[in-house]
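Me: Got a minute to walk through this one with me? I'd like to start with the charged side chains and then wander a bit.

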Amino acid sequence: MKFALVFVTLLALACSLPVPDDKEAQVLRFDNDHHGIDGYSWNLETSNGIQQQEQAELRSFPDDNSAIVVRGSYSYLGADGVTYTVNYIADENGFQPQGDHLPKAS
């Protein structure tokens with residue numbers, strides 16, 4: 001169940017990333033390292049300023065359950081010329097994004 005929650009959260013994140021107007025953007029760097037069922041890591045950088053990175057690891061919990069815990073970030077150049085960055089973690093507490101431009105819980 002926790003794995004499904006993390007998967008759905010990551011899928012939603014991927015679908016919500018901004019789409020750049022620059023249709024000619026090129027991939028400058030892409031590193032991808034899978035560790036089987038124990039996790040993965042990847043990095044991506046494009047010519048239009050998008051940068052993404054993510055690491056995941058299999059974590060065991062005291063109740064004999066285990067789940068993939070994901071940490072990562074992405075940044076992009078907004079239409080206003082400002083670079084926006086979001087750092088996130090997805091774990092047993094759900095998806096937790098942080099960014100200077102995101103609303104803060106009170």
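Reply: Sure. This is a predicted model, and in it Arg29, Asp31 and Glu45 are linked in a network of salt bridges.

Me: How far apart are the N and O in the salt bridge of Arg29 and Asp31?

Reply: That one comes out at 3.3 Å, N to O, between the two side chains. Arg29 is partly exposed, with a relative accessible area of 35%, and Asp31 is partly exposed too, at 36%.

Me: And what about Glu45, which residue does Glu45 form a salt bridge with?

Reply: With Arg29, where the closest N and O atoms are 3.6 Å apart. Glu45 sits in strand β2 (residues 39–46) and Arg29 in strand β1 (residues 27–34), so this pair ties together parts that are 16 residues apart in sequence. Glu45 is partly exposed as well, with a relative accessible area of 23%.

Me: How many salt bridges does a search of the whole structure find?

Reply: Four. One of them joins Arg59 and Glu92, with the closest N and O atoms 3.8 Å apart. Arg59 lies in strand β3, while Glu92 is in the loop between β5 and β6 (94–98), so the pair ties together parts that are 33 residues apart in sequence.

Me: Are Arg59 and Glu92 buried or exposed?

Reply: In between. Arg59 is partly exposed, with a relative accessible area of 23%. Glu92 also counts as partly exposed, at 36% relative accessibility.

Me: OK, changing topic to the sheet. What order do the strands have?

Reply: The order is β1-β2-β3-β4-β5-β6, in an open sheet of six strands with antiparallel pairing. β1 and β6 are at the edges and each has a single partner strand, so one side of each is left without a neighbour in the sheet. From one strand to the next, the twist averages 10°.

Me: How many bridges are there between β2 and β3?

Reply: Seven, with the two strands pairing in the antiparallel sense. If you want a spot to click on, Leu44 has Gln52 in β3 as its bridge partner.

Me: What does the hairpin of β2 and β3 look like between the strands?

Reply: There are four residues between the strands, and Gly49 in that hairpin takes a positive phi near 95°.

Me: Moving along, how many bridges do β3 and β4 pair over?

Reply: Ten, again in the antiparallel sense. Gln51 is a handy place to look, with Ser75 in β4 as its bridge partner. These two strands form a hairpin as well, with five residues between them.

Me: Which residue in the turn of β3 and β4 has a positive phi?

Reply: Asp64, at about 70°. That's a positive phi in a residue other than glycine. Asp64 belongs to the loop between β3 (51–60) and β4 (66–77).

Me: Is Asp64 buried or exposed?

Reply: Asp64 counts as exposed, with 74% relative accessibility. The cut-off for that is over 50%, so 74% puts Asp64 in the exposed class.

Me: And how many bridges join β4 to β5?

Reply: Eight, and those strands run antiparallel. In that pairing, Ser73 stands opposite Asn87 in β5.

Me: Last topic, aromatics. How many aromatic pairs does the structure hold?

Reply: Four. Tyr74 and Tyr88 are one of them, a tilted pair at 6.5 Å centre to centre, with 45° between the planes. The pair links distant parts of the chain, since Tyr74 is in strand β4 and Tyr88 is in strand β5 (residues 83–91), 14 residues apart.

Me: Why does Tyr74 count as buried, and what about Tyr88?

Reply: Buried means under 20% relative accessible area. Tyr74 has 11%, so Tyr74 is buried. Tyr88 has 6%, so Tyr88 is buried too.

Me: Which residues form the aromatic cluster?

Reply: Tyr74, Tyr76, Tyr84, Tyr88 and Phe95 form one cluster.

Me: Nice, so what should I pull up when I show this to the group?

Reply: I'd pick three views. Show the network of Arg29, Asp31 and Glu45, then the Asp64 turn in the hairpin of β3 and β4, and then the aromatic cluster that includes Tyr74 and Tyr88.

Definitions and conventions: Residues numbered from 1 in each chain as written. Predicted model: local features only at pLDDT ≥ 70, side-chain atom pairs only at ≥ 80, totals over all residues. Heavy atoms only, no water. Buried < 20%, exposed > 50% of the residue type's maximum accessible area, 1.4 Å probe, protein only. Phe/Tyr/Trp six-rings, centres within 6.5 Å; stacked < 30°, edge-to-face > 60°. Pairing = 2+ DSSP bridges. Axes fitted to C-alpha atoms, helices over the stretch in contact; angles between N-to-C directions.
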